[in-house]
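Colleague: I would like to learn how to read a protein model, one feature at a time. Could we take a case and work through it?

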Amino acid sequence: MDPSFRIVPPAEQKIASVTVKANSFGLHDTLQYGPRSIAAETKSRGGLEHRLSHWEETQDNLKLTMLRNLHGLHAPARLLMERKIVAANPHMPGMVRSNIHLDILMGKDETLDPHDFFLGMEQGLPLNLHSEMEKKVGM
């Protein structure tokens with residue numbers, strides 16, 4: 001957990017740069033790093049896509065930081081420990097897996113997402129529950 005009060009995820013860091021792969025003269029070092037690829041240097045995902053992919057992580061980090069500043073270090077540590085315990089719950093293979101406990105701890109119990117309706121039922125129930133149980137146990 002990185003303690004920060006950032007509301008919006010930071011902009012994506014560029015992965016390719018000429019200055020990082022430059023020699024003492026400021027030119028691209030082809031012998032050490034291979035041929036220069038302009039496509040790799042200019043090709044970057046949009047900033048919006050990066051921010052949307054890291055939105056929930058940033059919001060969770062903000063909530064945990066505010067909780068730490070308000071109640072002390074034990075509060076986010078306890079919440080993270082409870083999330084870890086609840087996330088590791090075993091389930092019967094072949095049955096619908098829903099973790100309402102984790103949704104409550106994450107604060108997602110009042111939102112409706114597609115997985116709330118479909119619950120992984122796209123494939124349907126397995127035809128042979130015994131073979132699914134044998135796969136889980138490793139028999």
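Modeller: What follows goes from the whole chain to two helices, then to salt bridges and a surface patch. Keep in mind that this is a predicted model.

Colleague: Which elements does the protein chain have, and in what order do they run from the N terminus on?

Modeller: Begin with the inventory. The protein chain has eight helices and zero strands, so the order of its elements reads α-α-α-α-α-α-α-α from the N terminus on.

Colleague: How much of the protein chain counts as buried?

Modeller: Buried means under 20% relative accessible area. By that cut-off, 15% of the 139 residues count as buried. The chain exposes about 11,400 Å², and carbon and sulfur atoms supply 61% of that area. Contacts are another thing to read. Among those with a separation of 6 or more, 56% join residues that are 24 or more positions apart.

Colleague: Now a single helix. What span does α4 reach from its first C-alpha to its last?

Modeller: The general check is to compare the span with the one expected from the number of residues. Helix α4 has 17 residues and reaches 24 Å, close to the 24 Å expected at 1.5 Å a residue. Just after α4, glycine 72 takes a positive phi of about 110°.

Colleague: Which residues of α4 are buried, and what do they pack against?

Modeller: The buried ones are Thr58, Gln59, Asp60, Asn61, Leu62, Leu64 and Thr65. They pack against α5. Take threonine 58 as an example: at 11% relative accessibility it counts as buried. Leaving out residues up to four places away in sequence, threonine 58 touches Arg6, Ile7, Val8 and Pro9.

Colleague: How does the span of α5 compare with what its residues should give?

Modeller: The 14 residues of α5 should span 20 Å at 1.5 Å a residue, and its end C-alpha atoms are 20 Å apart, which agrees.

Colleague: Where do the buried residues of α5 fall when seen down its axis?

Modeller: The general idea is this: an α-helix has 3.6 residues a turn, so residues three or four places apart point the same way. In α5 the buried residues are Ala75, Pro76, Leu79, Arg83 and Val86. Seen down the axis of α5, they fall within an arc of 95°, so they line one face of the helix. On the other side, His74, Arg78, Lys84 and Ile85 are exposed. The cover over the buried residues of α5 includes α4 and α6.

Colleague: How many salt bridges does a search of the whole structure find?

Modeller: A salt bridge here is a side-chain nitrogen of Lys or Arg within 4 Å of a carboxyl oxygen of Asp or Glu. The search finds three. For each one, ask where the partners lie and whether they are buried or exposed.

Colleague: Start with lysine 108 and glutamate 56. Which parts does the pair tie together?

Modeller: Their side chains meet at 3.1 Å, N to O. Lysine 108 lies in the loop between α6 and α7 and glutamate 56 in helix α4, so the pair ties together parts that are 52 residues apart in sequence. Lysine 108 counts as partly exposed, at 31% relative accessibility, while glutamate 56 counts as exposed, at 53%. Not counting residues up to four places away in sequence, lysine 108 touches Asp103 as well as Glu56.

Colleague: And aspartate 60 with arginine 83: are both buried or exposed?

Modeller: Both are buried. Their salt bridge is 2.8 Å, N to O. The pair links distant parts of the chain, with aspartate 60 in helix α4 and arginine 83 in helix α5, 23 residues apart.

Colleague: How far apart in sequence are glutamate 82 and arginine 78?

Modeller: These two both lie in helix α5, four residues apart, about one turn of the helix. Their side chains meet in a salt bridge of 3.1 Å, N to O. Glutamate 82 is partly exposed, with a relative accessible area of 25%, whereas arginine 78 counts as exposed at 52%.

Colleague: Last, the surface. Which residues form a nonpolar patch?

Modeller: Look for exposed nonpolar side chains that lie together. Here Ile7, Val8 and Trp55 form such a patch, with about 270 Å² of accessible area together. Isoleucine 7 sits in the segment before α1 and is exposed, with a relative accessible area of 51%.

Notes. Residues are numbered from 1 along each chain as its sequence is written. This is a predicted model: local features need pLDDT of at least 70, side-chain atom pairs count only at pLDDT 80 or more; totals for chains, interfaces and linings use all residues. Side-chain values use heavy atoms; hydrogens and water are left out. Patches are made of residues with over 30% relative accessible area and no salt bridge: like charges are joined within 9 Å, nonpolar side chains (Val, Leu, Ile, Met, Phe, Trp, Tyr) within 5 Å. Accessible areas come from the Shrake-Rupley method with a 1.4 Å probe; for residues, only the protein chains shown count as cover. Buried means under 20% relative accessible area, exposed over 50%, partly exposed in between (1.4 Å probe, protein chains only). Contact means heavy atoms within 4.5 Å. The expected span of a helix is 1.5 Å times one less than its number of residues. The arc is that of the directions from the helix axis to the C-beta atoms.
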